[in-house]
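Q: Please take a close look at the sheets of this structure and at the core packed with them. I am new to it and would welcome one connected account.

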Amino acid sequence: MKKLFTYLILSLSLIPFTSRAQEYFNDLDIKVTIAADGSARIEETRDMNISSEGSECYVSLKNLDGMTVSDVMVSDETGTTFETLSNWNVKASRNDKTSKCGLLKTDDGYELCWGKGNPGKRQYHVAYTLHGLVRHFSDADGFNHQFVVRYPSMPPRHVRLQLQLADGKALSEKTSGVWAFGYEGEAVFKNGSIVAESG
């Protein structure tokens with residue numbers, strides 16, 4: 001196998017944090033597990049405070065450059081697994097979207113959407129498979145991907161991303177390279193994984 005050079009982009013909003021009706025996004029924890037076929041299972045835990053305004057949350061999946069998304073799953077802090085709809089209706093009511101999720105096609109990718117449900121302190125677990133993440137290059141296998149969209153409407157206050165291989169092989173300076181930018185923080189090799197964290 002070629003040396004795996006991982007080109008990791010973790011971009012966070014650089015605009016000041018503003019709260020709208022006591023709605024805020026405290027913490028985003030992302031785990032990326034890369035399979036032998038170059039796909040990645042991405043699992044996110046989102047600690048949020050949800051207001052009574054609006055009806056849905058979403059993850060913006062942009063600039064996929066031929067990549068596809070499958071196996072969408074959302075659950076919450078109660079252990080409820082949301083129903084995955086084949087067609088997401090953005091105009092549906094908050095009540096109709098509760099405990100439901102789905103993909104919405106956009107001009108530059110997808111939005112992975114789910115209903116907000118009850119207001120208050122919430123924790124959403126979002127997972128999906130991204131096919132075609134890792135590409136073959138002349139000297140290495142690698143990728144260039146933005147895991148956190150720049151300038152979201154409600155930016156997370158803290159982000160931690162862990163990247164690992166599905167086969168359990170350790171990532172290290174001897175087998176991999178990593179570059180991360182667009183945020184204040186660090187990206188390091190730790191316990192066989194790559195860990196990027198905002199400051």
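**The sheets and the core**

A: Lysine 62 stands opposite glycine 109, a residue of β8. This is a predicted model, and the pair just named offers a way into the smaller topic of β4 and its neighbours. Strands β4 and β8 pair over seven bridges, in the antiparallel sense. Strand β4 is largely enclosed by the rest of the structure, because five of its seven residues are buried.

These two strands belong to an open sheet of four strands, with the order β4-β8-β7-β6 and mixed pairing. At its edges lie β4 and β6, the latter spanning residues 83-85, and each of them pairs on one side only. From one strand to the next, the twist of this sheet averages 20 degrees. Within the sheet, β7, which covers residues 100-106, runs antiparallel to β8 and is joined to it by six bridges. Across that pairing, cysteine 101 stands opposite tryptophan 114 of β8.

The cysteines deserve a separate word. A disulfide is a covalent bond between the sulfur atoms of two cysteines. The structure holds zero disulfides. For cysteine 57, which is in no disulfide, the nearest cysteine sulfur is that of cysteine 113, at 9.6 Å. Cysteine 101 is likewise in no disulfide, and its nearest cysteine sulfur, again that of cysteine 113, is 9.4 Å away. Since the relative accessibility of cysteine 101 is 0%, this residue counts as buried. Cysteine 57 also counts as buried, because its relative accessibility is 6%.

A second open sheet is formed by seven strands in the order β5-β9-β3-β2-β13-β16-β15, with mixed pairing. Its edge strands are β5 and β15 (185-190), each of which pairs on one side only. The twist here averages 15 degrees from one strand to the next. At the β15 edge, six bridges pair β15 with β16 in the antiparallel sense, and phenylalanine 189 stands opposite isoleucine 194 in β16.

The largest nonpolar core has 40 residues, and Ile30, Val32, Leu112 and Trp114 are those with the most contacts inside it. Among the strands that each supply at least two residues of this core are β4 (56-62) and β8 (109-115), as well as β3 (40-50), β9 (120-131), β13 (158-165) and β16 (193-198). The strand that gives the most is β2, with five residues. Beyond its sequence neighbours up to four places away, isoleucine 30 touches Ile42, Glu43 and Glu44, then Phe147 and Val148, and finally Val159, Arg160, Leu161 and Gln162.

A polar residue of β2 completes the picture. Aspartate 27 is found in this strand. It counts as partly exposed, because its relative accessibility is 22%, and the buried class requires a value under 20%. Leaving aside residues up to four places away in sequence, aspartate 27 touches Thr45, Arg46, Asp47 and His158. With histidine 158, aspartate 27 makes a polar contact of 2.6 Å between side chains. The C-alpha atom of aspartate 27 also lies 9.5 Å from that of glutamine 123, although the two residues are 96 residues apart along the chain.

Conventions. Residues are numbered from 1 along each chain as its sequence is written. This is a predicted model: local features need pLDDT of at least 70, side-chain atom pairs count only at pLDDT 80 or more; totals for chains, interfaces and linings use all residues. Side-chain values use heavy atoms; hydrogens and water are left out. A nonpolar core is a set of buried Ala, Val, Leu, Ile, Met, Phe, Trp, Tyr and Cys residues joined through side-chain atoms within 4.5 Å. Buried means under 20% relative accessible area, exposed over 50%, partly exposed in between (1.4 Å probe, protein chains only). Contact means heavy atoms within 4.5 Å. A polar contact is a pair of N or O atoms within 3.5 Å; within protein, one must be able to donate a hydrogen and the other to accept it, and residues adjacent in sequence count only if both atoms are side-chain atoms. A disulfide is a pair of cysteine sulfur atoms within 2.5 Å. Two strands pair if DSSP finds at least two bridges between them. Axes are lines fitted to C-alpha atoms, for helices over the stretch in contact, and angles run from 0 to 180 degrees between N-to-C directions.
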